[in-house]
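Grab a coffee and open the viewer: here are a few exercises to work through with the structure on screen. Try each task before you read its solution.

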Amino acid sequence: MRILCAACLVTLSAVLISADHRQGQQPVNPAGAAALEFHNRVQAYLAIHHAAEGKVPNLGNTSDPAKISEREAALGLAIQALRPGAKAGDVFAPEEQPYLIKIVRDDFAKRSAKARKALIQELPKNLKVDVNMVYPTSLPLETFPGRLLRLLPDLPPELEYRIVGHHLLLRDVKANLIVDIIRDVVPTIPS
Amino acid sequence: MRFRSFHIAALVIAITVVSYAASDVRPPASKDSVRFAVIGDSGTGDRAEYEVARQLSDSAQVFPFEFVIMLGDNIYGSERPQDFQKKFELPYKTLLDLNIPFYAALGNHDDPNQRYYKPFNMGGQRFYSFQRTDTRFFVLDSNYMDKDQQAWLEKELSNSTSKWKIAYFHHPLYSSGATHGSEVDLRTIVEPLFIKYGVSVVFAGHEHFYERIKPQKGIAYFTSGGAAKLRDGDLQNTGLTAKGFDTEQSFMLVELDGDVMHFQTLSRRGARVDAGDVHRVIREGTQ
């Protein structure tokens, strides 16, 4: 009986070890891995954002608009200083980009030309945007289509998606800073 | 020279007299009602904004309103401290001096950090709600209707047992504007919640004109985005319009009186261009 139990334990251990081994080599769903990578990069950016927030005064409700604009600018500068070599694709992980592009293009394909135009009509043509750049304060923010927003990965409140021209932007809301860009995502509107 | 000065002075007096005489503001129907004014797309800092603001201040003498709701595009262009002064604090100085509060929604021309500007009473939030006696106002950020905001809206609406539920935000769910038109995307997300939880009235701006939409699914929709900017002739024949006005800037005065909402819409020169009543929606969850 004792021998039988020992044999069972050995067999069970072998099965578990084998399962563990197989798990280590298990193929990963590429979409899931890409989403996880994007999530991790967003979290890494948030750590920078919070570190920068620690360097600027807190902002509460104020009747002095100067305090709002000064704080926004200071936060932007602090973040820029913490990611001096920031470039496109730092947060929009390259492996995630094909999925994001497909989501945006599929969504736009379902919209009429008029509806597509309405989403990008408020901004001047050829508006130049780049990573780590302050979003032009005198220009409006194009409204982000709600149904498309439901399809894209969730973001923390510090960040938001925006469309500028044909580009998909990641924008830091409190710092008014362009965090990342995927260029030429939005298809050209047929005339 | 003296002759010319006399003529200018006479002209100013004449314009002032005409302006006051043309004001068609109706007094409130009840002394215990909730009364407020509605302005949209106001923050230009130009002459039109100042003239509408003066009409608004003057109308408060006949129709004393307790607060003003702002439908977004509160500050156009740059948002330096002097812009807040020129585009908000100076034109509405009379009302601000009377401690009449403003409750702002964000428009697509507004930096979301306006939520920290105390005179806009947003409490540091992009979307928020506030209460006035038996009325709950739900103020949305229609620029960015993310899942958090949707969840918040549903929770706030379901928790509210107020008699009147009124929502306002920048983008109109229904519009006959040639420039923008209806925000169908947004409509598919928020309108089912409005219906489910008994929202009676919705105000929006964005379009630089006035439009009262024929009631949609039992909800009264108003677009009032002409408190400074004007898109002359932009209203198209869509079949949606109960009343439209796109030849002059405008604002609204609203009174909640029991189960009835009385509204009047005034032009930049004080002419009443629309008026009427809306009866509140009585659904499960409302008193």
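Before counting, a ground rule: helices here are DSSP runs of H or I with at least four residues, strands are E runs of at least two, and both are numbered from the N terminus. Also keep in mind that this is a predicted model.

**Exercise 1. Work out how many helices and strands chain A has, and in what order they come.**

Step 1: count the runs. Chain A has 6 helices and 3 strands.

Step 2: walk along from the N terminus. The order is α-α-α-α-α-α-β-β-β.

Step 3: look at burial and contacts. Of the 191 residues in chain A, 27% count as buried. Among contacts in chain A with a separation of 6 or more, 63% join residues 24 or more positions apart.

**Exercise 2. Find out which elements of chain A touch chain B.**

Step 1: size up the contact. Chain A puts in 30 residues, and chain B puts in 30 residues.

Step 2: sort chain A's side by element. Two or more residues come from each of α3 and α6 (146-151) of chain A. The largest share, 5 residues, belongs to α3(A).

Step 3: sort chain A's side by chemistry. It splits into 12 nonpolar, 10 polar and 8 charged residues.

**Exercise 3. Explain why the buried residues of helix α3 of chain B line one face.**

Step 1: list them. In α3 (residues 81-89) of chain B, the buried ones are D83(B), F84(B), K87(B) and F88(B).

Step 2: look down the axis. The buried residues of α3(B) fall within an arc of 100 degrees, so they line one face of the helix.

Step 3: recall the geometry. An α-helix has 3.6 residues a turn, so residues three or four places apart point the same way.

Step 4: see what that face meets. The buried residues of α3(B) pack against α3 (65-82) of chain A.

**Exercise 4. Lay out the open sheet of chain B and say which strands sit at its edges.**

Step 1: put the strands in order. The 6 strands run β3-β2-β1-β11-β12-β13 in chain B, with mixed pairing.

Step 2: pick out the edges. β3 (102-104) and β13 (272-279) of chain B each pair on one side only. From one strand to the next, the twist averages 20 degrees.

Step 3: zoom in on one pair. β1 (residues 34-39) of chain B and β2(B) run parallel, joined by 4 bridges. A37(B) sits opposite V68(B) of β2(B).

Step 4: add a helix. α2 (residues 47-62) of chain B lies across β1, β11 (250-257) and β12 (260-267) of chain B, at about 25 degrees to β11(B).

**Exercise 5. Decide whether α5 and α6 of chain B are roughly parallel or perpendicular.**

Step 1: get the numbers. α5 (residues 147-159) and α6 (residues 184-196) of chain B pack at about 10 degrees, with axes 10 Å apart.

Step 2: apply the cut-off. Angles under 35 degrees count as roughly parallel, and α5(B) and α6(B) are therefore roughly parallel.

Step 3: name the contact. α5(B) offers Q150(B), L153(B), E154(B) and L157(B), while α6(B) offers I189(B), V190(B) and L193(B). These divide into 5 nonpolar, 1 polar and 1 charged.

**Exercise 6. Are D73(B) and K217(B) buried or exposed?**

Step 1: place D73(B). It is in the loop between β2 (67-70) and α3 of chain B, and has a positive phi of about 55 degrees although it is not a glycine.

Step 2: count neighbours. D73(B) has 26 C-beta neighbours inside 10 Å, so it counts as buried.

Step 3: repeat for K217(B). This residue lies in the loop between β8 (210-213) and β9 (220-224) of chain B, with a positive phi near 50 degrees. K217(B) has 10 other C-beta atoms within 10 Å, so it is exposed.

Methods
Residues are numbered from 1 along each chain as its sequence is written. Chains are lettered from A and ligands numbered from 1 in the order in which they are written. This is a predicted model: local features need pLDDT of at least 70, side-chain atom pairs count only at pLDDT 80 or more; totals for chains, interfaces and linings use all residues. A residue is buried if 20 or more other C-beta atoms lie within 10 Å of its own, exposed if 12 or fewer, and partly exposed in between; C-beta atoms are placed from the backbone. The arc is that of the directions from the helix axis to the C-beta atoms. Two residues are in contact if their C-beta atoms, placed from the backbone, lie within 7 Å. Two strands pair if DSSP finds at least two bridges between them. Axes are lines fitted to C-alpha atoms, for helices over the stretch in contact, and angles run from 0 to 180 degrees between N-to-C directions. Angles under 35 degrees count as roughly parallel, over 145 as roughly antiparallel, 65 to 115 as roughly perpendicular and the rest as oblique. Ala, Val, Leu, Ile, Met, Phe, Trp, Tyr, Cys and Pro count as nonpolar, Asp, Glu, Lys and Arg as charged, and the others, Gly among them, as polar.
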